[in-house]
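This report goes from the overall make-up of the chain to one helix and the surface patch linked to it. The structure is shown first.

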Amino acid sequence: MTQTQEPELFPGANLLSEADRRQILELSVKSGNRVVPPVTCHTFCTDQDGHPGQFHTSDQTCYGPNHRVPTVMCPPVEVSRGRYEQNYFGVYLSAPHDGEQPTINVSLGEKDRLVMALDEALAVAQAIVASIDEATQAGL
């Protein structure tokens, strides 16, 4: 008696563990959609797993680490009833694998996210440094 082999979900699917392949196949069958093949993550990506099991390439975006800078001018935020934490600026890089351009994302805590193209983010960073230089030269 010969065993029937499950169809390969995408090129390279056989490199995944049996449990991962089974989970991806279940998701694919339940949704009626086929998953897109994993991608090669960018070196900065915090996941580094190829983002398997996704149905759209737009869901395979690589995100860099969130660089947190504690705020001095913003009051602490309540994170749970009666519990406060210092607010922060978060800055991270994201790069989709669907042809869209990479972006720099800046947030104040968990909300109010600004999304900038790399050249815009560089211009803002240079403007901040120029303003700091002006304050330093004024003796502030």
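## Chain overview and helix α2

The secondary structure of the protein chain comes to 2 helices and 7 strands. The model is predicted. Along the sequence, these elements follow the pattern α-β-β-β-β-β-β-β-α, with a helix at either end of the pattern.

Totals for the protein chain are set out below.

| Property of the protein chain | Value |
|---|---|
| Buried residues | 24% of the 140 residues |
| Contacts joining residues at least 24 apart, among contacts between residues at least 6 apart in sequence | 27% |
| Accessible surface | about 10300 Å² |
| Part of the accessible surface belonging to carbon and sulfur atoms | 55% |

Helix α2 covers residues 118-137, 20 residues in total. From its first C-alpha to its last, helix α2 reaches 29 Å, close to the 28 Å expected at 1.5 Å a residue. Just after α2, Gly139 has a positive phi of about 80°.

Val124 is part of helix α2. Together with Ile128 and Ile132, Val124 forms a nonpolar patch on the surface. The accessible area of Val124, Ile128 and Ile132 together is about 250 Å². An α-helix has 3.6 residues a turn, so residues three or four places apart point the same way.

Is Val124 buried or exposed? Val124 falls between the two, being partly exposed, because its relative accessible area is 38%, whereas buried means under 20% and exposed means over 50%. The value of 38% for Val124 also passes the patch cut-off of over 30% relative accessible area.

Methods. Residues are numbered from 1 along each chain as its sequence is written. This is a predicted model: local features need pLDDT of at least 70, side-chain atom pairs count only at pLDDT 80 or more; totals for chains, interfaces and linings use all residues. Side-chain values use heavy atoms; hydrogens and water are left out. Helices (H or I, at least four residues) and strands (E, at least two) are DSSP runs, numbered from the N terminus. The expected span of a helix is 1.5 Å times one less than its number of residues. Patches are made of residues with over 30% relative accessible area and no salt bridge: like charges are joined within 9 Å, nonpolar side chains (Val, Leu, Ile, Met, Phe, Trp, Tyr) within 5 Å. Accessible areas come from the Shrake-Rupley method with a 1.4 Å probe; for residues, only the protein chains shown count as cover. A salt bridge is a side-chain nitrogen of Lys or Arg within 4 Å of a carboxyl oxygen of Asp or Glu. Buried means under 20% relative accessible area, exposed over 50%, partly exposed in between (1.4 Å probe, protein chains only). Contact means heavy atoms within 4.5 Å.
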